[in-house]
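User: Could you walk me through this one? I'd like to hear about the domains first, then how the chains meet.

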Amino acid sequence: MVVALTLILVAQLLGEALAHGLGLPVPGPLIGMALVLLFLILRDRAPGGAERVLPRPLVDGSLEATGKGLLAHLSLLFVPAGAGIVGRLDILAAHGFAIAAIVAISTILTLSATAITFVAVARVLERGKDPR
Amino acid sequence: MSSEFAVWVYLSRTPLLWLTVTLLAYLTADRLALAMNRHPIANPVLIAIIITATVLWLTSTPYATYFDGAKFVHFLLGPATVALAFPLYEYRATVMRALVPMLAALLVGSVVAVASALGLGLLLDIPRDVVVALSPKSVTTGVAMGIVETLGGDPTLAAVLVMLTGMTGAIVVTPLMNRLGIEDRRARGFAAGLAAHGVGTARAFQVSAVAGTFAGIALGLNAFLTAILVPAALSFLR
């Protein structure tokens, strides 16, 4: 688990360094995600097997298990920030609750538009493949 | 000073107490959500936040004291974001097959998220600096605060609005998709991640790994696109 966590933290650190160094508008952890993805692709494509060079935990599935463990309770990780927001709800009240209504309506519109587009385009593509 | 009180004074200053409170609040919330068959209204994030905030309020604990303990949990947000690579890799075949629908949904969803916030804001005569804070509400807190700060808005207001959007999206997504008759787990997850960032993604992972994977991709792509879209859209509004 220590090896797996180290790999994840190294990826995040590199991501942060790239994001700040190049002034990218993407958060470091997201670049870290891309780096881990790249690592996984290269690991499984390596000719002759990456097992011989890499530490065991990176090839025997414990890396994946650690990653999934982190994601299993993603909800928990939002609690500290969320509890801080509760104390700042006054700032919302100060700006009128019209904002809360905008948030609700806009979120519903966004969810609907995204899902409908996804399903519609997927359907068109499938139809294009069907005949023949 | 009674001895119980002395113990309380000591403990309330250690990170241990508030870290434990955070975990207990979450476990209670998760049990409650499970008992209600993961009904969307019983959102574990929301319940855990309410429990924690109530404890802080009852004990009149300043948020800074609380965060000193809770920061260990908060820190894991970064590594968890990196860990989104694992389900993405596992389901790469499914993801690659859905590349075109995903990109189309990203474009439409991202534009609707920003445009609807701006449009409704103008319609309801909301001051410009508040509209600025409102426009990136669908992306993760860090990105939204960054965008708003560079455009001269209030980052704290942006953070509040982002969290509010996440909660709303996570609670509303399941009944809304059912009402729209959308059963495709990929589409449902992608919408949750795009409109409601990490909180929506957490909800999607509760439903299925595929939904969670697509939510994670949407979260990442939308952070990138919104960072470009919002400044562009606002430049049209003077």
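**Domains and chain contacts**

Analyst: Sure. Keep in mind that this is a predicted model. In chain B, the domain assignment gives domain 1 (3-75) and domain 2 (83-236).

User: How far apart do the C-alpha centres of domain 1 of chain B and domain 2 of chain B lie?

Analyst: The two domains do touch: six residues from domain 1 of chain B and eight residues from domain 2 of chain B make up the contact. On the domain 1 side there are four nonpolar, one polar and one charged residues. As for the C-alpha centres of these two domains of chain B, their separation is 27 Å.

User: Which helix gives the largest share of the side of chain B that touches chain A?

Analyst: Between the chains, 88 residues of chain B are in contact with 62 residues of chain A. On the chain B side, the classes come out as 64 nonpolar, 19 polar and five charged. The largest share, 15 residues, comes from chain B's helix α11 (residues 155-180).

User: Why is helix α4 (residues 79-86) of chain A largely enclosed by the rest of the structure, and what covers its buried residues?

Analyst: Helix α4 of chain A is largely enclosed because seven of its eight residues are buried. Those are A:Val79, A:Pro80, A:Ala81, A:Gly82, A:Ala83, A:Gly84 and A:Ile85. A residue counts as buried here if 20 or more other C-beta atoms lie within 10 Å of its own. The cover over the buried residues of α4(A) includes, from chain B, α2 (15-35), α3 (44-58), α4 (63-75), α10 (141-150) and α11.

How values were computed
Residues are numbered from 1 along each chain as its sequence is written. Chains are lettered from A and ligands numbered from 1 in the order in which they are written. This is a predicted model: local features need pLDDT of at least 70, side-chain atom pairs count only at pLDDT 80 or more; totals for chains, interfaces and linings use all residues. Domain bounds come from an automatic or database domain assignment. Two residues are in contact if their C-beta atoms, placed from the backbone, lie within 7 Å. Ala, Val, Leu, Ile, Met, Phe, Trp, Tyr, Cys and Pro count as nonpolar, Asp, Glu, Lys and Arg as charged, and the others, Gly among them, as polar. Helices (H or I, at least four residues) and strands (E, at least two) are DSSP runs, numbered from the N terminus. A residue is buried if 20 or more other C-beta atoms lie within 10 Å of its own, exposed if 12 or fewer, and partly exposed in between; C-beta atoms are placed from the backbone.
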